[in-house]
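This report looks at how a ligand is held by its protein. Please have the sequence and the structure to hand.

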Amino acid sequence: MERTFAIIKPDAVAGKKAGQILARIEEAGFTVKGMRLTHLSKAAAEGFYAVHRERPFFGELTDFMSSGPCVLLCLEAPDAIRKWRTLMGATDPAKADAGTLRRDFGTSIGNNATHGSDAPETAAFELGYFFRGMETL
Ligand code: GDP
């Protein structure tokens with residue numbers, strides 16, 4: 001078993017797609033081990049995306065991620081990190097495969113509905129950034 005960190009981003013929550021996305025997560029075989037609705041501050045978003053701070057879109061990204069509530073998730077499955085990245089699809093919804101969440105719910109490369117950790121080290125940092133141990137039993 002492996003755990004990964006996921007976010008249903010503010011665009012999807014505002015668009016009332018969180019329920020549909022959660023259903024797709026469960027249908028795909030993930031177990032939800034932790035879940036919280038939160039409205040990130042700009043500083044919290046900047047800390048989370050610190051690896052991207054030199055990128056030209058850092059301001060836009062952190063404005064967007066702090067623009068409204070999002071759903072934070074700890075997901076468990078065999079090979080969860082790769083499996084969740086596959087279910088999300090490519091960063092740009094226009095380039096994401098048919099049947100992926102970003103293709104179905106994203107509207108632009110910034111507003112792409114979901115986040116997922118890209119490696120075990122990232123998953124460990126991201127899960128620890130948002131969840132205390134007793135919240136992901
Ligand atoms: P991911 O791992 O597929 O989420 O992609 P990245 O790690 O490359 O980028 C992190 C997030 O930054 C993406 O999910 C997008 O929301 C956002 N992002 C990436 N490229 C752009 C861009 O060119 N413009 C804007 N506004 N946001 C971007």
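## Polar contacts to the ligand

In this predicted model, a backbone N or O atom of I109 lies 3.5 Å from an oxygen atom of the ligand. G110 also contributes a backbone N or O atom, 3.1 Å from a ligand oxygen atom. H52 uses its side chain: a polar atom there lies 3.1 Å from an oxygen atom of the ligand.

The ligand exposes 550 Å² when taken alone. The protein buries 81% of that area.

## The shell around the ligand

Which residues surround the ligand? They are K9, H52, R55, F57, E60, L61, R85, T91, R102, I109, G110 and N112. H52, I109 and G110, with the polar contacts described above, all belong to this shell. By class, five shell residues are charged, four are polar and three are nonpolar.

## The pocket

Where does the ligand sit? It occupies the largest pocket. The volume of that pocket is about 660 Å³.

The lining of the largest pocket comprises 26 residues. Nearest the pocket centre are Y49, H52, F57, L61 and T91. Of these, H52, F57, L61 and T91 are also among the residues around the ligand. The lining divides into ten nonpolar, nine polar and seven charged residues.

## Elements that build the lining

Several elements each supply at least two lining residues. The helices are helix 3 (42-48), helix 4 (58-65), helix 5 (80-88) and helix 7 (120-130). Strand 4 (114-116) does so as well.

Methods. Residues numbered from 1 in each chain as written. Predicted model: local features only at pLDDT ≥ 70, side-chain atom pairs only at ≥ 80, totals over all residues. Heavy atoms only, no water. Near = heavy atom within 4 Å. Polar contact = N/O pair within 3.5 Å; in protein donor to acceptor, adjacent residues only side chain to side chain. Areas by Shrake-Rupley, 256 points an atom, 1.4 Å probe, with all protein chains shown as cover. 1 Å grid on protein atoms, 1.4 Å probe; cavity = no way out; pocket = protein on both sides within 12 Å on 5 of 7 lines; lining within 4 Å. Sits in = over half its atoms within 2 Å of the grid points. Nonpolar A, V, L, I, M, F, W, Y, C, P; charged D, E, K, R; others polar. Points joined across faces, edges and corners; volume = space filled by probe spheres on them. Helix = DSSP H or I, 4+ residues; strand = E, 2+ residues; numbered from the N terminus.
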